[in-house]
Amino acid sequence: MRQSPLVVVANRLPIDDSVAPDGAFEWRRSPGGLVSALHPLLRHTPATWVGWAGGTGPAPELPDVDGVRMRTVPLSAEDFRDHYEGFANATLWPLYHDAVEQPEYHRRWWEAYQRVNQRFAEAAAEAAEPGGLVWVQDYHLQLVPGLLRALRPDLRIGFFLHVPFPPPELFMQLPRRSELLRGMLGADLIGFQRAQAAHNFAQLAAKVLGLSATDRRIGVDDRVVRIGAFPVAIDTAEMSALAARPEVADRARRLRQDLGQPEKVILSVDRMDYTKGIEQRLKAYRELLASGDVKVRDTVLVQVAVPSRDRVGQYQILRDRVEHQVGRINGEFGRVGEPAIHYLSQPFDRAELVALYRVADVMAVTPLRDGMNLVAKEYVAARVDGTGALLLSEFAGAAAELEQAYLVNPHDLDGLKQGLLAALRAGPEDVAARMRAMREHLAHNDIHAWAASYLSALEESGSLVGRRPAAR
Ligand code: ADP
Ligand code: F6P
């Protein structure tokens, strides 16, 4: 289907520079949904990944990673502050997640966003072969499709948004809303996680730009831009194979022993982000401990929360509050050698994370809003013995697919408590039937199916050039 190597453009490269405990410099896989989705997909295919390597200053030269060419884009300290921490993660991120924290608007941040998007577009233009295919990812780079089309009209350009796309009432707040919409419309195909997001986008294209738009096609100048939902996935087979490895099963057994052989282990794995609902979940857990519905001797909660965007004020405040909450709950309800919550703010390698999934009787994934949430899918894929209960927020994109999870509204504290108790107390048949249905879904809807459906839609989108969409 594809003639020339694919060029993927994403804010982050799949590896991140970091300092090992012995002080040595090393590369490691960056935690986050985008890398988890794309890394297994591109491995061993002729592709170039254009992205940022995680530091500031000149771009380091990187070797190929699993056969994929790495092309680094540098960020200065100012770009990092104003583009990455600022416009991407303190304006767009909160706005796109239901404004659960207040988005900030600064003109200097917008200038940095434009400047950095231009740099990514130039790097992509240099990397792509004539008539090639470029796939731009996520909210950091919404202007790239338009900028790239101006530089290289010969290219087929795709854009995929990993995070939610908000309803018009929220998006209309953005001072530079028309420019952002126009930037995305430089693509031939714009993919979203959910149909509702495509609908929101079409409404905005009509309202803000006066374009003729349906939930599938938008007419822009002499082009037709296709839009649609393509829920992102994981490499289900790879995750299941890793979980089935004897050393992972052994590690899971040892972890259970180390946790004191409780009757039930509850696990949560999040980036430390205010969209993930960590505070609400801890509050619900505290109330269950206080009421005696959950007892420390029988049940343990393991909360993994890897620090993220840790210089952004809202993230610093969240981390302090979560750590205060964990300390308080352990102080009130823990016993010597038996903490109520095992709190781990470290990145783990895949095998350790999967061993944790295998040890968890209940996986609590309760974001306030999430584009997809791949942790929920990873947990299901890792439950190779068919056991395990998934407690899942209705506000995660994954809830549209994993309908057999114990679904909860994380804003409703009582509902959250009841959902957690239901998952803890469910009978084995109910748990197994739900897990079977979810595993079946993920076996067919994996990352390879996702890429195939997106890329074939992108191929088709080219053939529509010049035709205007039918009016709604
Ligand atoms: P987001 O994209 O918002 O980070 P997702 O749930 O979609 O949320 O993806 C998170 C990804 O990061 C998953 O693939 C998960 O396995 C990985 N991850 C989360 N926490 C850690 C951690 N402590 N160490 C390593 N990987 C992690
Ligand atoms: O899709 C959510 C996302 O922003 C991804 O782009 C990224 O992989 C992940 O969250 C982690 O965020 P960051 O790159 O800021 O560490």
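The exercises below concern the ligand 1 site and one pair of strands in a predicted model.

**Exercise 1.** Determine where ligand 1 lies relative to domain 1 and domain 2.

Solution.
Step 1. List the residues around ligand 1: there are 19, and those that come nearest are Gly33, Ser36, Arg271, Phe348 and Glu378.
Step 2. Assign the shell to secondary structure: helices H1 (33–42), H12 (350–359) and H13 (374–382) and strands S11 (264–271) and S12 (299–306) each supply at least two residues.
Step 3. Assign the shell to domains: residues come from both domain 1 (6–232 + 448–459) and domain 2 (236–444), so ligand 1 lies between them.

**Exercise 2.** Describe the surroundings of ligand 1 by residue class and by contacts with backbone atoms.

Solution.
Step 1. Sort the shell by class: 10 residues are nonpolar, 5 polar and 4 charged.
Step 2. Take the oxygen atoms of the ligand. One is 2.7 Å from a polar backbone atom of Gly33, and a backbone N or O atom of Gly32 lies 3.0 Å from an oxygen atom of ligand 1.
Step 3. Take the nitrogen side: a nitrogen atom of ligand 1 is 2.9 Å from a backbone N or O atom of Gln346.
Step 4. Check the cover: ligand 1 taken alone exposes 570 Å², of which the protein buries 92%.

**Exercise 3.** Work out which side chains of strand S5 (residues 69–72) are buried, and how S5 pairs with strand S4.

Solution.
Step 1. Follow the alternation: Met70 and Thr72 point to one face and are buried. Arg69 and Arg71 point to the other face and are not buried.
Step 2. Examine the pairing: S4 (residues 47–52) and S5 run parallel and are joined by 4 bridges.
Step 3. Locate one bridge: Trp49 has Met70 in S5 as its partner.

How values were computed
Residues numbered from 1 in each chain as written. Chains lettered and ligands numbered in written order. Predicted model: local features only at pLDDT ≥ 70, side-chain atom pairs only at ≥ 80, totals over all residues. Heavy atoms only, no water. Near = heavy atom within 4 Å. Polar contact = N/O pair within 3.5 Å; in protein donor to acceptor, adjacent residues only side chain to side chain. Areas by Shrake-Rupley, 256 points an atom, 1.4 Å probe, with all protein chains shown as cover. Nonpolar A, V, L, I, M, F, W, Y, C, P; charged D, E, K, R; others polar. Domains from an automatic or database assignment. Buried < 20%, exposed > 50% of the residue type's maximum accessible area, 1.4 Å probe, protein only. Pairing = 2+ DSSP bridges.
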